[in-house]
Amino acid sequence: MATRRHVLAGLIASAMSRPSWADAGSPAFLSAARLPSGAFALFGLTEAGATVFTIPLPARGHAAAAHPTRAEAVAFARRPGTYALVIACASGTLRARLTPPEGRQFNGHGAYSADGAVLYTSEVVAESSAGIVGLWDTAGWHRLGEFSSGGVGPHELRRLPGSEVLVVANGGIQTDPQDRSQLNLETMRSNLSYLSPDGALLEQAELPEELRQNSIRHLALAGDGTVAFAMQWEGDPAEPVPLLGLHRRGEALRLCPPREEDLFAMRGYAGSIARSGGLIALTSPRGGVVQLFTAEGAPVAGHARPDACGVAPVAGGFVVTDGGGAVTRLTREGFAPLARAAAAWDNHLVRI
Amino acid sequence: MRHPWRTSIAALALLALPFLGSGARAGLPEALSETVLPGHAAFTAATAALNEAARADCRPETLRPSWNAAFDAWMGISHLRLGPAETDGRALAIAFWPDPKGSGARTQARLLEAADPALLEPERFAEVSVAARGLFALERLLYDPALASEPACALTRATAADLARMAVELETDWRESFAPLMLSAGAPGNDRFLTEAEARQALFTQLMTGLEFTADQRLGRPLGTFDRPRPERAEARLSGRSQRNVELSLAALERLALALAPDSPRTREGFERARSQAAALDDPRFEGAADPSRRLRIEILQQRLHALRDQLAAEVGGALGVSVGFNAADGD
């Protein structure tokens with residue numbers, strides 16, 4: 001099909017040179033989207049929300065990881081993922097297509113090592129949802145190996161700033177390998193696992209027993225190594241539970257409830273998380289709201305934006321994308337429109 | 001917290017007028033003028049009457065009729081959980097249910113024990129936990145033997161006055177601010193609704209979420225599972241309004257759906273059948289959830305509501321040109 005031919009043509013055209021991010025028209029963000037035709041694409045966006053490039057995707061995308069120096073990004077398929085595309089963003093061409101090994105599925109997120117030589121991918125053993133971190137050589141794009149993620153159903157995976165230590169949000173949910181239906185909600189247990197680059201489990205943090213059905217899924221990291229994590233509640237929707245938590249290695253988990261009047265505003269579902277300056281933003285497409293917290297987790301404000309999900313930092317605030325195609329700027333005071341595309345922005349807006 | 005939509009209201013209200021009746025806004029002005037605004041006016045009137053009645057005579061048996069009238073009026077708008085309903089947690093404070101841990105009753109017991117008139121002053125009472133205020137707080141005071149026997153007159157009056165105050169604020173915000181804001185969707189300076197489609201989608205989302213709430217909470221909570229039915233979890237079971245609330249919520253959702261998209265024969269028929277099934281349950285507190293022979297009828301109604309949801313998505317969503325959000329529908 002057209003999309004696939006595009007991708008293959010891009011692969012053949014893939015250049016030898018390795019341009020830097022400035023050559024890619026300096027996109028500030030990457031986001032996957034669904035186009036009006038029903039096809040899927042990866043967009044490069046400026047800070048003002050203008051489209052710098054569009055690259056077709058073979059199926060619905062999820063998140064992306066940007067190379068620390070090269071104008072290169074890896075776009076991940078939505079879980080259960082069968083592809084990850086390495087894209088040369090300056091030319092909008094495909095550098096490589098990664099396919100998980102037999103019996104493995106990509107889970108939508110990944111991260112580069114500090115020097116960009118290794119890509120770590122969040123994966124599951126398809127049959128059991130056992131968590132795997134896949135390792136890929138980014139020079140030749142062959143698989144280097146894999147190790148356990150430290151839990152079930154890993155989702156976002158990040159590298160701690162200034163370190164090679166990985167932190168993985170093991171969501172705890174076992175899913176059917178075909179239809180994503182959830183198989184273990186009665187017994188699930190999520191965790192945050194810290195792993196060395198060779199797979200040693202350095203530290204693990206779990207939620208208290210009564211929040212066992214809170215699935216840790218997305219991460220936003222501070223320079224000092226504090227991990228802010230966003231959760232999705234799989235328990236009784238009548239139970240108001242915190243959807244934001246903070247953790248720093250060697251310390252106890254801290255849970256950050258919203259103000260009482262906003263207890264149900266997120267409808268138990270946080271879709272993305274980002275930090276900017278002294279603020280943390282937590283998006284809920286189901287609630288049509290973005291909640292802002294201080295870096296210490298105290299609630300600041302909640303602002304309405306329908307189907308808001310993608311969020312990434314800019315100076316002085318955040319940029320938020322939604323399923324209606326709007327790109328908006330969010331500050332403590334509220335939203336202001338930036339741009340609009342004929343695209344339904346998918347879950348994540350990734351800062352390059 | 002200040003809400004940004006409050007600041008530019010006057011300008012937007014003026015902007016909105018020329019748009020009224022515009023075909024491009026199909027359904028939205030009708031939904032606001034025919035269901036949303038009259039529904040809020042009725043709730044204000046009913047809670048004002050309840051407040052008056054409480055001041056005149058706070059005995060449970062005399063207050064019950066006006067409390068039921070206020071609850072009936074709330075069922076006409078309880079599905080509208082956006083904008084003014086979210087400000088200061090108003091919708092939660094008006095009707096805090098479900099409350100699986102019983103936090104409302106606990107807070108009320110503490111208030112009664114404290115017997116401190118200062119806590120019941122309007123400004124202080126407005127700061128009391130949302131779980132211990134509103135219609136369900138009054139239900140316990142009027143129907144729960146554990147509370148209704150207490151000398152609770154002062155708390156009843158404070159709760160009724162607080163409810164009436166919230167109703168006025170809610171209605172005023174809708175009429176003066178939020179309805180004009182929806183009607184001026186897409187106008188310069190309207191940062192809440194960037195396009196007309198966003199405003200239409202906002203009401204459509206309330207419709208869909210409201211139907212899900214009735215199916216999954218009002219019916220689903222007492223149903224529990226076959227092996228563990230939970231009739232004690234039915235909404236407003238103390239007052240025996242569980243089935244009535246389902247019927248009234250379906251009627252309100254039907255009005256909203258048909259105001260948004262009048263030419264929706266399958267939706268009309270679906271609601272009619274659902275309402276007649278609900279009326280035929282003859283099970284005010286859903287005690288039948290624990291009775292295998294009667295349980296099935298509640299389950300069938302729940303299935304009908306799930307099917308109706310799909311019909312609404314196709315027919316009403318199609319007429320409005322909107323759907324449940326891309327990310328909201330299918331998260332990860």
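This tour moves through a predicted model with two chains, A and B, from the domains to a set of helices.

**Stop 1: the domains of chain A**

Begin by selecting chain A and colouring residues 100-205 and 207-352 separately; the domain assignment calls these domain 1 and domain 2. The centres of the two domains of chain A, taken over C-alpha atoms, are separated by 22 Å. Where they touch, domain 1 of chain A contributes 19 residues and domain 2 of chain A contributes 18 residues.

Next, highlight the strands β12 (154-159), β13 (166-170), β14 (191-195) and β15 (201-206) of chain A, which are the elements giving two or more residues to the side of domain 1 that touches domain 2. By class, the residues on that side of domain 1 of chain A are ten nonpolar, five polar and four charged.

**Stop 2: where the chains meet**

Now display both chains together. How many residues of chain A are in contact with chain B? There are 31 of them, and they are in contact with 23 residues of chain B. To find part of the side of chain A that touches chain B, select β23 (299-304), β27 (334-340) and β28 (344-351) of chain A, each of which supplies at least two residues. The largest share of that side comes from β27(A), with four residues. Coloured by class, the side of chain A that touches chain B shows 14 nonpolar, seven polar and ten charged residues.

**Stop 3: the domains of chain B**

Hide chain A and turn to chain B, whose domain assignment gives domain 1 as residues 26-183 and domain 2 as residues 196-323. The centres of these domains of chain B, again taken over C-alpha atoms, lie 23 Å apart. In the contact, 22 residues of domain 1 of chain B meet 26 residues of domain 2 of chain B.

On the side of domain 1 of chain B that touches domain 2, select α2 (28-56), α3 (60-75) and α7 (134-143), each of which supplies at least two residues. Which of the elements gives the largest share of this side? That element is α2(B), with five residues. The residues of this side of domain 1 of chain B comprise ten nonpolar, five polar and seven charged.

**Stop 4: helix α7 of chain B**

Keep α7(B) selected. Is this helix mostly covered or mostly uncovered? It is mostly covered, since nine of the ten residues of α7(B) are buried. Among the buried residues are B:G134, B:F136, B:E139, B:R140 and B:L142.

**Stop 5: α7 with α9**

Add helix α9 of chain B, residues 153-183; α7(B) and α9(B) pack at an angle of about 155 degrees, with their axes 9 Å apart. Angles over 145 degrees count as roughly antiparallel, and therefore α7(B) is roughly antiparallel to α9(B). Their crossing is left-handed.

To see the contact, show the side chains of B:G134, B:L135, B:A137, B:L138 and B:L141 in α7(B), together with B:L155, B:T156, B:T159, B:A160 and B:L163 in α9(B). This contact of α7(B) with α9(B) has seven nonpolar, three polar and no charged residues.

**Stop 6: α7 with α5**

Finally, select helix α5 of chain B, residues 103-114, which packs with α7(B) at an angle of about 65 degrees, the axes being 10 Å apart. Here α5(B) passes α7(B) in a right-handed crossing. The contact is formed by B:G104, B:A105 and B:Q108 of α5(B) with B:F136, B:A137 and B:R140 of α7(B). The contact of α5(B) with α7(B) consists of three nonpolar, two polar and one charged residue.

Definitions and conventions
Residues numbered from 1 in each chain as written. Chains lettered and ligands numbered in written order. Predicted model: local features only at pLDDT ≥ 70, side-chain atom pairs only at ≥ 80, totals over all residues. Domains from an automatic or database assignment. Contact = placed C-beta atoms within 7 Å. Nonpolar A, V, L, I, M, F, W, Y, C, P; charged D, E, K, R; others polar. Buried ≥ 20, exposed ≤ 12 C-beta atoms within 10 Å, placed from the backbone. Axes fitted to C-alpha atoms, helices over the stretch in contact; angles between N-to-C directions. Parallel < 35°, antiparallel > 145°, perpendicular 65-115°, else oblique. Left-handed = near helix turned anticlockwise from the far one by under 90°.
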